[in-house]
Amino acid sequence: RQKNTQYLLNDLICFKVSKVAFPTGQDVPNWYIPTPVTEFPYLLPPCTLTMYNFSDRKRVADPWQSTPFYTGPDGYKLQLVVNANGEDSGKGTHVSVYVYLMKGENDDILSWPFKCDITIRLLNWREDKRHVEKTVEHYNVPIESRTRVTQGEEAPDGWGYHRFISHSDLYYNITNNTEYISNDILCFLVSKVIVHS
């Protein structure tokens, strides 16, 4: 204790919150306001999924698997898988982004095969404009990738885009004021999920 300091006054102690930081795995652009935490113990759309160490993953072709999320409190369990160095027609030139169906807690009460359209957005770190947004529509997905997962934790194949964004488009573009990678981080937003009956 230093001289001339008093921490207790009139039976009160006052604390100042000087800094709030996102926990590891939750870095988002400055303009983005995170979705409030709910009582549901899993992520629900809209939700951000933050990918770290892009350069290392691109160099060694190590796919990144996101934190799982649900389409709703009684919905399907899904996961985003991103290959930084691309796959198939995007190999070596693009970032590939896929959605994988996972074994979930609600599978017994859900309709199969899975029929959902999922909109994925790669956020622009510069401003809340010109995000890269693509929708994975269920009718373009082979039925074997949409059936209930009974072996392992996830379906053997995902569905999405081999060429979600080119490597060259990730970096700062002064004309468009876009930058999709910052400090070797990509931030994805699962912005919308439409479940079809």
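A salt bridge here is a side-chain nitrogen of Lys or Arg within 4 Å of a carboxyl oxygen of Asp or Glu. The structure is a predicted model, and by this rule it holds 6 salt bridges. Among them is the pair formed by the side chains of Glu 179 and Arg 126, with N and O at 2.9 Å. This pair links distant parts of the chain, its two residues being 53 residues apart. The protein has 197 residues, arranged as 1 helix and 9 strands.

**Overall make-up**

- Along the sequence the elements follow the pattern β-α-β-β-β-β-β-β-β-β.
- Buried residues account for 42% of the 197 residues.
- Of the contacts between residues at least 6 apart in sequence, 67% join residues at least 24 apart.
- The protein exposes about 12100 Å², and carbon and sulfur atoms supply 48% of that area.

**The Glu 179–Arg 126 salt bridge**

- Glu 179 sits in the loop between strand 8 (159–166) and strand 9 (186–195).
- Arg 126 sits in the loop between strand 6 (116–122) and strand 7 (132–136).
- Glu 179 has a relative accessible area of 18% and is therefore buried, the cut-off for buried being under 20%.
- Arg 126 is partly exposed, because its relative accessible area is 39% and that class lies between 20% and 50%.
- Side chains of opposite charge can pair when their charged atoms come close.

**Arg 57 and its surroundings**

- Arg 57 is placed in helix 1, which covers residues 54–60.
- With a relative accessible area of 19%, Arg 57 counts as buried.
- Arg 57 forms a salt bridge with Asp 62, in which the closest N and O atoms are 3.0 Å apart.
- The partner Asp 62 is partly exposed, at a relative accessible area of 35%.
- A polar atom of the Arg 57 side chain also lies 3.4 Å from the backbone oxygen of Tyr 52.
- Leaving aside neighbours within four places in sequence, Arg 57 is in contact with Met 51, Tyr 52, Asp 62, Pro 63, Trp 64 and Ala 84.
- Tyr 52 therefore appears both in that contact list and as the residue whose backbone oxygen lies 3.4 Å from the Arg 57 side chain, while Arg 57 itself is buried.

**The Glu 127–Arg 130 salt bridge**

- The side chains of Glu 127 and Arg 130 meet in another salt bridge, with N and O at 3.3 Å.
- Arg 130 counts as partly exposed, its relative accessibility being 46%.

**The four-stranded sheet**

- An open sheet of 4 strands has the order 1-9-6-7 and antiparallel pairing.
- Strand 1 (47–51) and strand 7 are the edge strands, each pairing on one side only.
- From one strand to the next, the twist averages 25 degrees.
- Strand 6 and strand 7 run antiparallel and are joined by 5 bridges.
- Within this pairing, Arg 121 has Glu 133 in strand 7 as its bridge partner.
- The loop between strand 6 and strand 7 is the one that holds Arg 126, which meets Glu 179 in the salt bridge described at the start.

Key: Residues are numbered from 1 along each chain as its sequence is written. This is a predicted model: local features need pLDDT of at least 70, side-chain atom pairs count only at pLDDT 80 or more; totals for chains, interfaces and linings use all residues. Side-chain values use heavy atoms; hydrogens and water are left out. Buried means under 20% relative accessible area, exposed over 50%, partly exposed in between (1.4 Å probe, protein chains only). A polar contact is a pair of N or O atoms within 3.5 Å; within protein, one must be able to donate a hydrogen and the other to accept it, and residues adjacent in sequence count only if both atoms are side-chain atoms. Contact means heavy atoms within 4.5 Å. Two strands pair if DSSP finds at least two bridges between them. Axes are lines fitted to C-alpha atoms, for helices over the stretch in contact, and angles run from 0 to 180 degrees between N-to-C directions. Accessible areas come from the Shrake-Rupley method with a 1.4 Å probe; for residues, only the protein chains shown count as cover.
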